[in-house]
Amino acid sequence: MKSSTTTFVLLLHICAAFGHLRQQQRQLQECTGSDPSTCGCSSVNQADYRGDISVTAGGEYTCQAWDSQSPHRHSRTPENYPDKGLVSNYCRNPDNEPNGAWCYTTDPNKRWTYCDIPTCSDTTTTTTTTTTTTTTDATTTTTTASTTTTPATTTSTTTTTTGELPTCATPELTDLEALTSDLRTAYQNFLFDSSSSPSNSNCQTDITKKKVLMIGIDGLRADVVGMTPLPNIERLKAWGMHSIWADVQSTAAAVSGPGWVSMFTGVEPSKHLVSGNGDLTDMSYQTVFKYVKDTFGLKLAASVSWHPLVESVINHEDANTLDAYYLASNDNDMAAKAKEWILSEPYDFIFVDFDGPDAAGHSQGFDGYLESYQNRVVATDELIGSLLDAMVTTSAGEEWLIVLTSDHGGEGTSHSAYDKYNRKIPFIVASNSPRVEVGFMPLSDPGSQMDVLPTIMFFLGGEDAVPDGLDGQVFGFKDYTRNPPPPPPGACIPDVNNCGCASEKQADYRGTISKTISGLTCQNWADQSPHSHSRTPANYPSSGLDSNYCRNPDGEEGAWCYTSDPNNRWELCDVPTCDTA
């Protein structure tokens, strides 16, 4: 409850600050000693400066021309900011950076920095104060207005009506929409107006400031996350990209062994060779923990409730990977140890495993509507909240990535059957990094548990750090383009120039076969001889009725055509059927 209240108060402060910023922007001030050719007014962060200084503070770097994209690509061009004086390579402030005029530099290793522009003298503004008082018997109305010019003051309006509620400070709907869709962007846009600052989604934070919290929840079914009040999982969803319809691995039963190992290795069980809970030590692919240790030299710790994750997987792979581990007897003790580590900050990457929801599912049933299962998930959410609170307490100057997902879902009191109750799970990637998107994954690409490894490696080291040959992809980052997901088993693999999908009755075929099954030549679709008809290109403009090629504009069993034989009106064609996945 505390965290929800804090978030609500933060929203109120952001809304209030945004309203104040809008008022300031409407009152764009000028300096008493304004001289844009020699100095910039502090009241507008030197955005008015139009002089010819073209080196950064102390003369350390020469400025890059604003219309150049080398050595640094950018969007602060004269075309995009036509009123900002972006001439030559002179220092300017087109996007209201808080410390004044700046420029991109000609040094490939230094993207941008501030210039040493003189500040003009103090500002003046016009202050208008209006007070309205109305008595309760509505017999007297008094209005007082005054106008004064004074140094560095602001405009204020106060209205008091006795016996009535104060007027609401209602934000614009467009403001609320931006605030609720992405708090990070809203914070930057509305408080500091830095959404268009030189930093962008391609930025990279030093590895020494990066931290990872990997949260695995055994047996977390998708529907319970979608319809149960889980305030801390909701916090994570608001901090990043989420899916509550992600896939588990597809080449083994939906049980813990192959699920966890696919999460750890980023590949299908057919590759890592773990197909159940009894063959964990057969794992043949490297885990995310060893990749992180070997690639970045970070300090790793794992606190788990299901001990085989450490004993038979991580430590069996390499006993030196983890700098610390804790084999807990229950989720409360497991989370307490992880919280202790987060607060004392000795580790860069912490993995936690919650076993409670799986135990509740096996005992009473996996069901989002079942109270016993819901309660266990709610208790898990509270423990997650304790970890997030600890993380926020100690996170100053750090860039965190939090990944949350599950090994499998469940149905009844089991989870091995091949259906969506067992094979659909939540997946959340949350961060304070500007590289991470905020929102939800599309239904056509919901992500999978195999995305954990590439996502963590991409966060820590960029695309070069992601191993080749993975079945998973990076999840939720602005600076990564995902490949389209493979078709599900049984789905058509389309090749419109050479075959037609059976699921579409070959209506997708766009090849050049122009003879029927019996070898008759097809009649041109635009012709009305020897057979008059209504299947014309004009009547079916999206059906590819070109020349006399076989097509299926009207839902027949397959591609067909009218024939050039006056005695045989139409026939199916011998068009190949496309393969399926």
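**Exercise 1. Which residue follows α14, and what is the sign of its phi?**

Solution. The residue after α14 is G462, and its phi is positive, near 80°. Helices here are DSSP runs of H or I with at least four residues, strands are runs of E with at least two, and both are numbered from the N terminus. The structure is a predicted model, in which local features need pLDDT of at least 70, side-chain atom pairs count only at pLDDT 80 or more, and totals for chains, interfaces and linings use all residues. Residues are numbered from 1 along each chain as its sequence is written, and side-chain values use heavy atoms, with hydrogens and water left out.

**Exercise 2. Determine how far α14 is enclosed, and by what.**

Solution.
1. Apply the burial criterion: buried means under 20% relative accessible area, exposed over 50%, and partly exposed in between, with a 1.4 Å probe and protein chains only.
2. Nine of the 10 residues of α14 meet the buried criterion, so this helix is largely enclosed by the rest of the structure.
3. The buried residues are V452, L453, P454, T455, I456, M457, F458, F459 and L460.
4. Their cover includes the helices α6 and α8, together with the strands β7 (210-217), β11 (349-354), β12 (399-405) and β13 (424-431).

**Exercise 3. Describe the surroundings of M263 in α6.**

Solution.
1. M263 belongs to helix α6, residues 256-265.
2. Its relative accessibility is 1%, and M263 therefore counts as buried.
3. Leaving aside residues up to four places away in sequence, M263 is in contact (heavy atoms within 4.5 Å) with M214, T405, S406, D407, Q449, V452 and L453.
4. One of these partners, T405, is 142 residues from M263 along the chain, with 8.8 Å between the two C-alpha atoms.

**Exercise 4. Characterise the packing of α8 against α14.**

Solution.
1. Two packed helices are described by the angle between their axes and the distance between the axes. Axes are lines fitted to C-alpha atoms, for helices over the stretch in contact, and angles run from 0 to 180 degrees between N-to-C directions.
2. Helix α8 (residues 288-296) and helix α14 (residues 452-461) have axes that come within 10 Å and cross at roughly 20°.
3. That angle makes α8 roughly parallel to α14; the classes are roughly parallel under 35 degrees, roughly antiparallel over 145, roughly perpendicular from 65 to 115, and oblique for the rest.
4. On the α8 side the contact uses V288, Y291, V292, T295 and F296, and on the α14 side L453, I456, M457, L460 and G461.
5. By class, eight of the contact residues are nonpolar, two are polar and none is charged. Here Ala, Val, Leu, Ile, Met, Phe, Trp, Tyr, Cys and Pro count as nonpolar, Asp, Glu, Lys and Arg as charged, and the others, Gly among them, as polar.

**Exercise 5. Classify the packing of α12 with α5 and with α10.**

Solution.
1. Helix α5 (residues 231-238) packs on helix α12 (residues 371-393) at about 50°, with the axes 7 Å apart.
2. That makes α5 oblique to α12.
3. From α5 the contact draws on P231, N232, I233, R235 and L236, and from α12 on residues including D381, E382 and I384.
4. This contact has six nonpolar, two polar and four charged residues.
5. Helix α10 (residues 331-344) packs with α12 at about 5°, with the axes 9 Å apart.
6. The helices α10 and α12 are therefore roughly parallel to each other.
7. Eight nonpolar, three polar and two charged residues form the contact of α10 with α12.
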